[in-house]
Amino acid sequence: TAGVLMARTRDGVCWIEDAKYGKWSADERNRVIVQTAHEDAARYGNTVQIWGEQEGGSAGKEISDQFIKMLAGFPVYRRTVGGRGTRKVGGQVLPGDAKVLRAQGLAAQAEAGNVRIRRAKFTEDVLCELCSFPESEYADIVDACSHAFNVLCGMWTTDPGPVTRLSRTVNGERFGVHLDRSGGRGRQRD
């Protein structure tokens, strides 16, 4: 499970301000979600919109309804997503075409330098997942980031239809990310 706090500046730059992610039991996950909602409400005066994904089928609607009830008192909304969430390649489970499609707007804006990540404890994990997507089995953080980005930008991509795969080359340059591997001895890049 993953959730991100993202903000968009007046000049169109999106900032990943915070990220919470982990493998939790349902009760622990719900506790983290409610606690995070309280923290964000206290910090930002209850102005943070909380969006949860509603997957297809009746179970998706039921889970989404429970999510909204759990967060009563907060500005909470649902967003319906569709398409296959995963695919298998050589026995490895990778993100499906729907997740890749939802991430394309985020990837394009990151490449253009319009997505930034606040330097914090979560930064390295978020960058690692973004840079290895879609060729890694992990996609929860990417999915949370692309969901937040699409909501902020008013992009509603629910039906992937025919999808062209992104390049299989995995590197941070595709996302406009430049990792300093020099241990602090290298040149700082924006």
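This report walks through a small sheet, the helices that pack around it, and two buried residues in a predicted model.

**The sheet**

Let's start with the strands. Three of them, in the order S1-S2-S7, make an open sheet with mixed pairing. The edges are S1 (2-8) and S7 (115-117), each of which pairs on one side only. Going from one strand to the next, the twist averages 30°.

The mixed pairing is easy to follow if you take the two partners of S2 in turn. With S1, the pairing is antiparallel and runs over 7 bridges; here you'll find Leu5 standing opposite Asp18 of S2. With S7, strand S2 (residues 14-21) pairs in the parallel sense, over 3 bridges. On that side, look for Ile16, which sits opposite Ile117 of S7.

S1 and S2 also form a hairpin, with 5 residues between the strands. Keep an eye on Gly12 there: its phi is positive, near 90°. As a general point for reading the sheet, side chains in a regular strand alternate between the two faces.

**Helix H5 and its partners**

Now for the helix that ties into the sheet. H5 (residues 140-152) lies across S1 and S2 and runs at about 35° to S1. It also meets two other helices, H3 (residues 97-111) and H4 (residues 123-132). A packed helix pair is described by the angle between the axes and the distance between them, and here is how the two pairs look:

| Helix pair | Axes come within | Crossing angle |
|---|---|---|
| H3 and H5 | 9 Å | roughly 65° |
| H4 and H5 | 8 Å | roughly 90° |

How are H3 and H5 oriented to each other? Angles of 65 to 115 degrees count as roughly perpendicular, so that is the label for H3 and H5. The crossing of H3 past H5 is left-handed. On the H3 side, the contact uses Lys99, Arg102, Ala103, Gly105, Leu106 and Gln109, and on the H5 side Val142, Asp143, Cys145, Ser146, Phe149 and Asn150. Sorted by class, that contact has 5 nonpolar, 4 polar and 3 charged residues.

H4 and H5 are likewise roughly perpendicular to each other. From H4, the contact takes in Asp125, Val126, Glu129 and Leu130, which meet Asp140, Ile141, Val142 and Cys145 of H5. The class count for H4 with H5 is 5 nonpolar, no polar and 3 charged. If you're clicking through residues, Val142 and Cys145 are worth a look, as they turn up in the contact with H3 and in the one with H4.

**Two buried residues**

Why does Asp143 count as buried? Its relative accessibility is 6%, and the cut-off for buried is under 20%. This aspartate lies in helix H5 and is part of the contact with H3. Setting aside neighbours within four places in sequence, Asp143 is in contact with Glu53, Lys99 and Arg102. Of these partners, Lys99 and Arg102 are in H3.

Where does Ser136 sit? Its place is the loop between H4 and H5. Ser136 counts as buried because its relative accessibility is 14%. Leaving out residues up to four places away in sequence, Ser136 touches Leu94 and Pro95.

Terms used: Residues are numbered from 1 along each chain as its sequence is written. This is a predicted model: local features need pLDDT of at least 70, side-chain atom pairs count only at pLDDT 80 or more; totals for chains, interfaces and linings use all residues. Side-chain values use heavy atoms; hydrogens and water are left out. Two strands pair if DSSP finds at least two bridges between them. Helices (H or I, at least four residues) and strands (E, at least two) are DSSP runs, numbered from the N terminus. Axes are lines fitted to C-alpha atoms, for helices over the stretch in contact, and angles run from 0 to 180 degrees between N-to-C directions. Contact means heavy atoms within 4.5 Å. Angles under 35 degrees count as roughly parallel, over 145 as roughly antiparallel, 65 to 115 as roughly perpendicular and the rest as oblique. A crossing is left-handed if the near helix is turned anticlockwise from the far one by less than a right angle, and right-handed if clockwise. Ala, Val, Leu, Ile, Met, Phe, Trp, Tyr, Cys and Pro count as nonpolar, Asp, Glu, Lys and Arg as charged, and the others, Gly among them, as polar. Buried means under 20% relative accessible area, exposed over 50%, partly exposed in between (1.4 Å probe, protein chains only).
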